[in-house]
Amino acid sequence: AADHGFYVLMGARDPQRGEAAVKSILEESPDCEGRIECLPLDVASDKSVKAAADFVQKKFGADPPPLYGIVNNAGVGFDHSMLETVNINTLGAKRVCESFMPLLDKEGRIVNTASASGPNYVSRCGGAERQLLTKPDVTWEELGGLIEKVNREPGGRQPYGFSKACLISYTMLLARENFQKINAMTPGYILTDITRGMGATKSPEEGTKAAIHCLMGKLEGNGWYYGSDAVRSPIDRYRGPGEPPYEGD
């Protein structure tokens with residue numbers, strides 16, 4: 001809002017915390033007054049996501065589509081079950097995309113907040129699962145089938161890494177089927193509620209570089225995954241900030 005003049009709808013599962021966040025932002029950036037508001041939104045709930053999309057359509061209309069960008073940033077960390085983690089980290093983004101994309105301009109963009117835990121997870125996979133998670137023409141039937149299977153039988157898989165690998169795969173699928181620029185990225189190892197006490201030291205502000213690039217920068221491809229330095233990265237192994245960009249297919 002401050003740097004690019006956007007009107008920002010900030011989704012929040014807890015409206016009170018969301019309003020407090022808006023107040024904090026306005027205290028730091030008074031120029032954003034009137035250009036940021038809290039949107040009650042629980043990505044784990046079909047009903048909540050639909051209600052939020054209906055609110056946006058009612059307030060801003062649908063023709064022409066009012067939205068330039070959708071940033072899926074909601075997530076849970078390492079202390080939840082597979083079912084809970086995937087429902088928010090992967091299916092939550094899918095719910096938001098499906099409900100809000102009719103309101104997204106054809107020149108708009110979607111940014112899915114993934115994590116290096118996704119490629120790290122894939123690097124340890126073998127066989128059919130690795131092939132599916134890296135398949136450029138993956139279908140939702142295939143990816144959704146894997147998610148259903150793993151939800152039933154986690155089999156020792158790490159929920160967070162699996163959910164982020166699936167989110168990156170879903171991003172490739174979504175980009176292939178739509179006009180808009182749709183990409184995934186990692187903010188890096190940022191100090192948040194998820195990583196508190198785990199050694200993370202970077203501020204949330206430092207974690208915005210890749211997201212802003214995917215939202216505003218010149219993008220050569222679509223359905224890609226970007227590292228925290230806003231450089232294209234592989235989806236099947238870790239690439240550190242400052243290392244050469246991934247140049248595969």
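A residue is called exposed when its relative accessible area is over 50%, and buried when that area is under 20%. I begin with this cut-off because it decides how Pro64 is classed: with a relative accessible area of 60%, Pro64 is exposed. Please keep in mind throughout that the structure before you is a predicted model.

Let me stay with Pro64 for a moment. This proline is found in the loop between helix 2, residues 46–60, and strand 3. The peptide bond leading from Asp63 to Pro64 is cis, with omega near 5°. As general background, most peptide bonds are trans, and most residues other than glycine have a negative phi. Pro64 and Tyr160 are 96 residues apart along the chain, and their C-alpha atoms are separated by 37 Å.

A second backbone feature concerns Ala230, whose phi is near 65°, a positive value in a residue other than glycine. Ala230 has its place in the segment after strand 6. Is Ala230 buried or exposed? At 15% relative accessibility, Ala230 counts as buried.

I turn now to the chain as a whole. The chain contains nine helices and six strands. Its C-alpha trace spans about 50 × 35 × 35 Å along the principal axes. For 249 residues, a compact globule would have a radius of gyration near 18 Å, and the chain agrees with that, at 18 Å. Buried residues make up 44% of the 249 residues. Among contacts with a separation of 6 or more, 67% are between residues 24 or more positions apart. The chain exposes about 13,200 Å², of which carbon and sulfur atoms supply 51%.

Next, the sheet. Four strands form an open sheet in the order 3-4-5-6, with parallel pairing. Which strands stand at the edges? They are strand 3, residues 67–72, and strand 6, residues 225–226; each has a single partner strand, so one side of each is left without a neighbour in the sheet. In general, the strands of a sheet pair through backbone hydrogen bonds.

Within this sheet, strand 4 is joined to strand 5 by five bridges, and the two run parallel. One pairing to look for is Ile110, whose bridge partner in strand 5 is Ile182. Strand 5, residues 181–185, is in turn joined to strand 6 by two bridges, again in parallel. Here Met185 stands opposite Tyr226 in strand 6. Four of the five residues of strand 5 are buried, so this strand is largely enclosed by the rest of the structure.

Two helices lie across the sheet strands. Helix 8 lies across strand 4, strand 5 and strand 6, and runs at about 165° to strand 5. Helix 9, residues 209–216, lies across strand 3, strand 4, strand 5 and strand 6, and runs at about 160° to strand 4.

This brings me to the interior. The largest nonpolar core has 36 residues, and those with the most contacts inside it are Ile70, Phe100, Ile110, Leu133, Leu143 and Phe162. Which element gives the largest share of this core? That is helix 8, residues 159–177, which supplies seven residues. Apart from this core lies another one, of nine residues, among them Ala93, Ala114, Leu167 and Ile168.

Leu133 offers a view of the surroundings of one core residue. Beyond its neighbours within four places in sequence, Leu133 is in contact with residues including Tyr121, Val122, Cys125, Leu143, Leu146, Ala165, Cys166, Met172 and Ile235.

Finally, I would draw your attention to Ile147, in helix 7, residues 140–152. With a relative accessible area of 3%, Ile147 is buried. Leaving aside neighbours within four places in sequence, its contacts are with Val86, Thr90, Leu91, Trp140, Phe162 and Cys166. The C-alpha atoms of Ile147 and Met82 are separated by 9.6 Å, although these residues are 65 residues apart along the chain.

To close, I return to the two prolonged points of comparison: Pro64 is exposed, at 60% relative accessible area, whereas Ile147 is buried, at 3%.

Note on methods. Residues numbered from 1 in each chain as written. Predicted model: local features only at pLDDT ≥ 70, side-chain atom pairs only at ≥ 80, totals over all residues. Heavy atoms only, no water. Core = buried A, V, L, I, M, F, W, Y, C linked by side-chain atoms within 4.5 Å. Buried < 20%, exposed > 50% of the residue type's maximum accessible area, 1.4 Å probe, protein only. Contact = heavy atoms within 4.5 Å. Pairing = 2+ DSSP bridges. Axes fitted to C-alpha atoms, helices over the stretch in contact; angles between N-to-C directions. Rg over C-alpha atoms; globule rule 2.2 N^0.38 Å. Areas by Shrake-Rupley, 256 points an atom, 1.4 Å probe, with all protein chains shown as cover.
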